[in-house]
Amino acid sequence: MERLWTGSRINKNKKMVEHLQSSGVIRSKKVAEVMETIDRALFVPEDASPYMDSPMQIGYNATISAPHMHATCLELLENHLKPGMHSLDVGSGTGYLTACFAIMVGPEGRAVGVEHIPELVESSLQNVQKSAAAPLLKAGSLVLHTGDGRLGWPEHSPYDAIHVGAAAPEIPQALIDQLKPGGRLVIPVGNIFQDLQVVDKNPDGSVSIRSETSVRYVPLTSREAQLRG
Ligand code: SAH
């Protein structure tokens, strides 16, 4: 029974990925592979519909992003998540994207997540432990920390890829500083109206910024402000 149920769940996760491919959100084979490898159901609350293409509440005024947003960010960062590279996921929430990053950069790379709600860090660790990224957590190439992600995570910097899962009023300087020349930062910027911005650090250290699309994320803020709602 258990096996049957597990089988159908993996099938549904695969269907979700196929749908994102046929609608053109996923173009890369690598991104499809990693989203098939990391079962989304392990990262959403048990009573939710894990494969539906919408964001979901995860408590503490936070949400897990919709599958098409996860896919979009993975597509934008794919070339900066090659084996051996370093990645940072700010506002790691459920740990879903950090787990995807960890699979992409592999055991020689680093996938660091920073989240400021300790309870979410705790549950994200449990989620990852159930997932295909568990061996990377055990080996230490995937790490999830409690902290203010606006400060980045200097310890494993500079990063080839930085993703921010919450909307910043402006791009935090610490994140630009911790980006490697040739590296890319993907971050929603704005208050009510937000743009997903793609920040590329050039070899000379200057940055080029463009807007990819309009988005709606929870704010990148202090823990107190978030819990007040
Ligand atoms: N990518 C995550 C997104 C979670 S929502 C996922 O799909 O699961 C955004 C997350 O950012 C929330 O978990 C929230 O608690 C966190 N967050 C907001 N401000 C933060 C800050 N200053 N530092 C760290 N995390 C922050």
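**Exercise 1. Ligand contacts**

How far does a polar side-chain atom of Gln226 lie from an oxygen atom of the ligand? Place this contact among the others around the ligand.

*Solution.* The model is predicted.

Step 1. Start with Gln226. One of its polar side-chain atoms lies 2.9 Å from an oxygen atom of the ligand.

Step 2. Check the cover. The ligand on its own has 570 Å² of accessible area, and the protein covers 100% of it.

Step 3. Move to His70. Here a polar side-chain atom is 2.8 Å from a ligand oxygen atom.

Step 4. Turn to the backbone. A polar backbone atom of His116 lies 3.3 Å from a nitrogen atom of the ligand.

Step 5. Apply the cut-off. A polar contact needs a pair of N or O atoms within 3.5 Å. The Gln226 pair, at 2.9 Å, therefore qualifies. The His70 pair, at 2.8 Å, therefore qualifies too. The His116 pair, at 3.3 Å, therefore also qualifies.

**Exercise 2. The site and its shell**

Find where the ligand sits, then describe the residues around the ligand.

*Solution.*

Step 1. Locate the site. The ligand occupies the largest cavity.

Step 2. Count the shell. There are 24 residues around the ligand. Those that come nearest are His70, Thr94, Glu115, Gly149 and Thr221.

Step 3. Sort by class. The shell holds 13 polar, eight nonpolar and three charged residues.

Step 4. Assign to elements. Strand E2, residues 62-64, gives the largest share of the shell, with three residues.

**Exercise 3. Two positive phi values**

Which loop holds Tyr60? Compare its backbone and exposure with those of Asn61.

*Solution.*

Step 1. Place both residues. Tyr60 lies in the loop between strand E1 (56-59) and E2. Asn61 is in the loop between E1 and E2.

Step 2. Read phi. Tyr60 is not a glycine, yet its phi is positive, near 60°. Asn61, also not a glycine, has a positive phi of about 60°.

Step 3. Classify exposure. Partly exposed residues fall between the 20% limit for buried and the 50% limit for exposed. Tyr60 has 37% relative accessibility, so it counts as partly exposed. Asn61 has a relative accessible area of 42%, so it is partly exposed.

**Exercise 4. A cis peptide bond**

Which residues does the cis peptide bond join? Place the proline in its element.

*Solution.*

Step 1. Identify the pair. The cis bond joins Ser157 and Pro158.

Step 2. Check the angle. Omega is about 0°.

Step 3. Place Pro158. This residue is found in the loop between strand E5 (142-146) and strand E6 (159-164).

Terms used. Residues numbered from 1 in each chain as written. Predicted model: local features only at pLDDT ≥ 70, side-chain atom pairs only at ≥ 80, totals over all residues. Heavy atoms only, no water. Near = heavy atom within 4 Å. Polar contact = N/O pair within 3.5 Å; in protein donor to acceptor, adjacent residues only side chain to side chain. Areas by Shrake-Rupley, 256 points an atom, 1.4 Å probe, with all protein chains shown as cover. 1 Å grid on protein atoms, 1.4 Å probe; cavity = no way out; pocket = protein on both sides within 12 Å on 5 of 7 lines; lining within 4 Å. Sits in = over half its atoms within 2 Å of the grid points. Helix = DSSP H or I, 4+ residues; strand = E, 2+ residues; numbered from the N terminus. Nonpolar A, V, L, I, M, F, W, Y, C, P; charged D, E, K, R; others polar. Buried < 20%, exposed > 50% of the residue type's maximum accessible area, 1.4 Å probe, protein only.
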